[in-house]
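Here are a few notes to help you find your way around this structure. Keep the viewer open as you read, and look up each residue as it comes along.

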Amino acid sequence: MIISEFLKDLTRIEGIQAIAIYRSDNSPLDIWTDSKFNKQILEQVSVHYFQIFSVLESSLRDFHETVITYGKGKIFSRVFPDSLLIIITHPNVEISLIRFIINVKMTELLNSRQFQKILKKVPKKKMQFLDNKYLDEQEIKYLKSVKT
Amino acid sequence: MTELKKVEENMVFQLNQNQTPEEANLMHLEWAVVSQLDGQKTVRQIADSLSLNTKEIEEIFKKLAAADLLVVVNKSDESHYLPQEFFKTLNHEMTLLLGPVATIILEDVLEMMHQHREGFERNLLPVFIELLINQIDDQVKQVEFQKRIYPIVKSYIF
């Protein structure tokens, strides 16, 4: 609902396959996909992105956005104080266009009463989701080295 | 044999009715592209629907053109380039926010992109805007600038 209302322009870009907004406990606030896209992929992807941003936060690195190119397209993600946005696109989609739309429209979304109302229902906690069950030995080792 | 020098993403083709693709010894993906040639979809839309990257789609279109299977439907310059009016409006909005330095910033970014106001390709607009935003140091002004130009840019993109 909030995507089709606030991020409608993103859904109009040819080649945008999926847009998802998660709250800070990794539960979806809203998901939009084109008809061919498998929504389950988003669930798997979002867990990894929470991990990525948590690691970045742990290492005190000021990263709020990532763009990864893979064989079939691109994954854009940006973290906000209480939420995470993930966008999956075809390879030809211009990331600067996505960024421009988000810069304007996500501010409207985040400040909207609708979004604030949704957040009120969520217990406020810091984004720190590094659950050891998702980590392999290398990752645990890396995190230890970052913390020391 | 027709040579297609450059395949642009906004070009639209249809199948040449005087040729039969069966004789062209096409590969699977080339057939997939042929099946999408409806005289309406742009090269980019076809690439997206088949998950092909720029290089792949360009090679396929060049091969199809070489086999004389393509007819250009639309290469509209009008829709391909940004009108001068856009730069005037942009310059005006930037000047309101940044003062006389706006024109200098605008020209600097155009130079950085090796572009001119005349013949500025529409598909370069998002990158152009991003570069302009990066030239504004004040974050509050960055936000304000994006908010102001959003409806203008949107009208040239969609």
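The points below go through the cores, the interface and two single residues.

1. A word first on what you are looking at: this is a predicted model.

2. A good place to begin is the largest nonpolar core, which has 53 residues. The members touching the most other members are A:Leu85, B:Phe86, B:Leu90, B:Phe128, B:Ile129 and B:Leu132. Helix 4 of chain A, residues 95-111, gives the most to this core, with ten residues.

3. Try centring the view on B:Phe128. Neighbours within four places in sequence aside, B:Phe128 is in contact with B:Phe86, B:Phe87, B:Leu90, B:Leu106, B:Val109, B:Leu110, B:Met113 and B:Phe120. There is also a second, separate core of 20 residues, and B:Met11, B:Phe13, B:Ile46 and B:Ala47 are among them.

4. Next comes the interface. In it, 19 residues of chain A are in contact with 22 residues of chain B. The area buried between chain A and chain B is about 1900 Å², and carbon and sulfur atoms give 57% of that area. On the chain A side, A:Glu14, A:Asn92 and A:Phe100 lose the most area to chain B, together 34% of what that side buries.

5. What about polar links between the chains? Two salt bridges are counted between chain A and chain B. B:Lys154 forms a salt bridge with A:Asp9, with the closest N and O atoms 3.3 Å apart. Nine residue pairs are in polar contact across the interface, both residues being at pLDDT 80 or more. Helix 4 of chain A gives the most to the side of chain A that touches chain B, with eight residues. The residues of that side divide into seven nonpolar, five polar and seven charged.

6. Is A:His90 buried or exposed? This residue sits in the loop between strand 5 (83-89) and helix 4 of chain A. A:His90 counts as buried because its relative accessibility is 9%, and the cut-off for buried is under 20%. Beyond four places in sequence, A:His90 is in contact with A:Gly15, A:Gln17, A:Lys72, A:Gly73, A:Lys74, B:Asp48 and B:Ser51.

7. Finally, visit A:Ile31 in strand 2 (residues 28-33) of chain A. At 26% relative accessibility, A:Ile31 counts as partly exposed. Not counting residues up to four places away in sequence, A:Ile31 touches A:Ile3, A:Ile19, A:Ala20, A:Tyr22, A:Lys39 and A:Leu42. A:Ile31 and A:Leu42 are eleven residues apart in sequence, and their C-alpha atoms are 8.9 Å apart in space.

How values were computed
Residues numbered from 1 in each chain as written. Chains lettered and ligands numbered in written order. Predicted model: local features only at pLDDT ≥ 70, side-chain atom pairs only at ≥ 80, totals over all residues. Heavy atoms only, no water. Core = buried A, V, L, I, M, F, W, Y, C linked by side-chain atoms within 4.5 Å. Buried < 20%, exposed > 50% of the residue type's maximum accessible area, 1.4 Å probe, protein only. Helix = DSSP H or I, 4+ residues; strand = E, 2+ residues; numbered from the N terminus. Contact = heavy atoms within 4.5 Å. Buried area = accessible area lost by both parts, 1.4 Å probe. Salt bridge = Lys/Arg side-chain N within 4 Å of Asp/Glu carboxyl O. Polar contact = N/O pair within 3.5 Å; in protein donor to acceptor, adjacent residues only side chain to side chain. Nonpolar A, V, L, I, M, F, W, Y, C, P; charged D, E, K, R; others polar.
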